[in-house]
Amino acid sequence: MQCILLLGCLLAAPLPAQRTEASADDPAELIARIEAPREAGSSDDSGKSLAELMEAHGIPALSVAVVQDYRLHWARTWGVADESTGTPADTDTLFQAASISKPVSAMAVLRAVQDGLFDLDADINSILRSWQLRDAAELLAETPVTPRMLLSMTAGTTVSGFPGYKPDAELPTVPEVLGRKDEETPANTDPVVVGWQPGTRYEYSGGGSTILQLAVSDAKAEPFDQILQETVLDPLGMTRSCFCQPLPEALHGNAARAGGSATKPDEDGGEPRANWHVYPELYAAGLWTTPTDLAKFLIEVQLSLEERSNRILTTEFIRKMVTPGGVGHYALGFTAGADTPHRPAPPGEADRFFGHTGGNWGFRGNFVGSLEGGNGYVILANSSEANPVIFVELPTRIRAAYGWN
């Protein structure tokens with residue numbers, strides 16, 4: 001299940017724009033600090049080494065990239081990509097990014113808007129060709145759902161996240177995922193409908209993201225994975241990334257297998273579980289990538305905010321990705337300045353960082369960047385039990401090592 005409850009838990013504290021004099025520039029020294037226990041007693045995890053944390057929380061592999069001053073400062077991977085074989089993971093090992101797919105996808109949506117294919121405030125039904133929002137006619141007649149609402153999670157759409165499908169399962173098409181109550185489909189989630197008045201409240205909705213996936217594909221008359229490859233991944237040199245579901249056989253050799261509880265036998269059959277789940281909901285959860293590639297994406301956003309690189313979006317559109325413009329703290333692609341899913345950050349902190357978390361079956365991810373100064377980090381893990389490490393302990397150690405407190 002996607003990590004929808006962790007969207008607001010990007011940081012225990014935000015990343016300031018400047019480093020302190022106490023921070024080091026030597027990656028080896030910084031990595032050593034992060035691997036070592038910090039002050040014992042502050043939490044159960046603080047007194048453990050990174051290796052002990054991985055063992056305690058059932059994390060086979062942990063992959064990290066840190067950005068400093070608008071450049072990749074270092075990337076490092078610990079552990080094994082496959083517990084059954086002991087194959088070591090490395091910085092080229094692919095992980096499922098889960099919901100971190102959303103801001104990458106949002107960049108392609110905004111590029112379509114920038115190119116004039118449709119307007120942010122257009123009725124989404126005027127863009128869709130292969131499926132329509134038909135339920136809740138009274139609500140839609142009063143307030144049509146728009147791309148802006150879908151991007152900011154304020155459209156009133158249902159279905160928060162997706163569990164994925166086993167690799168040998170029959171996969172639904174995107175219209176079948178969006179569904180109709182009177183149709184028989186392979187989809188394992190409820191139909192996506194408008195459950196309340198659009199524009200009145202924030203409610204995280206992977207279902208709404210899937211509507212955007214179909215809308216962009218319909219507008220460009222191209223497959224969504226191809227659009228993302230051409231619009232975002234290739235221009236940014238994200239050569240170890242693809243919106244490919246299922247993952248092509250040629251890429252299996254250095255792809256992380258789901259670990260932790262995902263390796264336990266199925267309750268019903270006693271057979272070992274799949275290596276990973278497959279997600280036809282590409283916008284919401286379909287990206288395979290590495291922290292190094294996501295660091296390229298992070299740096300492009302940061303440089304574009306300062307008009308120093310606009311390879312995909314103008315500064316005006318990049319600012320929309322990190323600036324909440326309606327109800328809630330979700331901007332047009334990123335979560336901005338929130339410390340819980342429903343509570344804004346303390347005054348003065350909301351404009352200092354942006355990011356996104358992610359959780360697919362057997363995978364977790366954390367992506368955080370500062371709005372100024374060019375700092376941040378990406379953490380990916382192949383375990384559903386990785387939350388305490390990648391959302392709390394490891395970010396705390398990174399911030400402390402760099403003097404970002």
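# A predicted model, questioned

Author: Start at the hairpin of β1 and β2. Asp 69 takes a positive phi near 55 degrees there, and 2 residues lie between the strands. The model is predicted.

Reader: What makes β1 and β2 a pair?

Author: Two strands need at least two bridges to pair. Here 8 bridges join β1 to β2, so the pair qualifies. The two strands run antiparallel. In β2, Trp 78 is the bridge partner of Leu 62.

Reader: Tyr 70 lies in the loop between β1 and β2. Why is Tyr 70 called buried or exposed?

Author: Buried means under 20% relative accessible area. Tyr 70 has 17% relative accessibility, so it counts as buried.

Reader: How far apart are Tyr 70 and Leu 298, in sequence and in space?

Author: The sequence separation is 228 residues. From C-alpha to C-alpha, Tyr 70 and Leu 298 are 8.8 Å apart.

Reader: What makes β2 and β3 a pair?

Author: The requirement is at least two bridges. β2 and β3 have 2, so they pair. They run antiparallel. Asp 82 stands opposite Thr 87 in β3. The hairpin of β2 and β3 has 4 residues between the strands, and Gly 86 takes a positive phi near 75 degrees in it.

Reader: In what order do the strands form the open sheet?

Author: The order is β3-β2-β1-β11-β10-β9-β6, 7 strands with antiparallel pairing.

Reader: What makes β3 and β6 edge strands?

Author: Each pairs on one side only. β3 covers residues 87-88 and β6 covers 335-336.

Reader: How do you know that β1 and β11 pair?

Author: Count the bridges. Strand β1 (residues 61-68) and strand β11 (residues 376-381) share 6, in the antiparallel sense. At least two are needed, so this is a pair. Ile 379 in β11 is the bridge partner of Val 64.

Reader: And what links β9 to β6?

Author: 2 bridges, in the antiparallel sense. The minimum is two, so β6 and β9 count as paired. Phe 354 in β9 is the bridge partner of Ala 336. Phe 354 also stands opposite Gly 369 in β10.

Reader: How many bridges join β9 to β10?

Author: 8, and the strands run antiparallel. β10 covers residues 363-370. In the hairpin of β9 and β10, 2 residues lie between the strands, and Gly 362 takes a positive phi near 80 degrees.

Reader: How do you know that both faces of β9 are covered?

Author: Side chains in a regular strand alternate between the two faces of the sheet. Take the faces in turn. Phe 353, Gly 355, Thr 357 and Gly 359 are on one side, and all are buried. Phe 354, His 356, Gly 358 and Asn 360 are on the other, and they are buried too. That fits the total for β9 (residues 353-360), with 8 of its 8 residues buried.

Reader: Now the helices. How do you know that the span of α10 agrees with its number of residues?

Author: Helix α10 (residues 291-305) has 15 residues, which at 1.5 Å a residue should span 21 Å. Its end C-alpha atoms are 21 Å apart, so the two values agree. Of those 15 residues, 14 are buried. Just after α10, Glu 307 takes a positive phi of about 60 degrees.

Reader: Why is α10 called oblique to α11?

Author: Their axes come within 8 Å and cross at roughly 120 degrees. Roughly perpendicular ends at 115 and roughly antiparallel starts over 145, so 120 degrees makes the pair oblique. The crossing of α10 past α11 is left-handed.

Reader: Why is α1 called oblique to α12?

Author: Helix α1 (residues 27-35) and helix α12 (residues 387-402) pack at about 140 degrees, with axes 9 Å apart. Roughly antiparallel needs an angle over 145, and roughly perpendicular stops at 115, so α1 is oblique to α12. α1 passes α12 in a right-handed crossing.

Reader: Why is α7 called largely enclosed?

Author: Because 13 of its 15 residues are buried. α7 covers residues 206-220 and reaches 21 Å from its first C-alpha to its last, close to the 21 Å expected. Just after α7, Ala 221 takes a positive phi of about 55 degrees.

Reader: Last point. What makes Cys 242 and Cys 244 a disulfide?

Author: The cut-off is a pair of cysteine sulfur atoms within 2.5 Å. Their S to S distance is 1.7 Å, so the pair counts. The structure holds 1 disulfide. Both Cys 242 and Cys 244 are buried.

Methods:
Residues are numbered from 1 along each chain as its sequence is written. This is a predicted model: local features need pLDDT of at least 70, side-chain atom pairs count only at pLDDT 80 or more; totals for chains, interfaces and linings use all residues. Side-chain values use heavy atoms; hydrogens and water are left out. Buried means under 20% relative accessible area, exposed over 50%, partly exposed in between (1.4 Å probe, protein chains only). The expected span of a helix is 1.5 Å times one less than its number of residues. Axes are lines fitted to C-alpha atoms, for helices over the stretch in contact, and angles run from 0 to 180 degrees between N-to-C directions. Angles under 35 degrees count as roughly parallel, over 145 as roughly antiparallel, 65 to 115 as roughly perpendicular and the rest as oblique. A crossing is left-handed if the near helix is turned anticlockwise from the far one by less than a right angle, and right-handed if clockwise.
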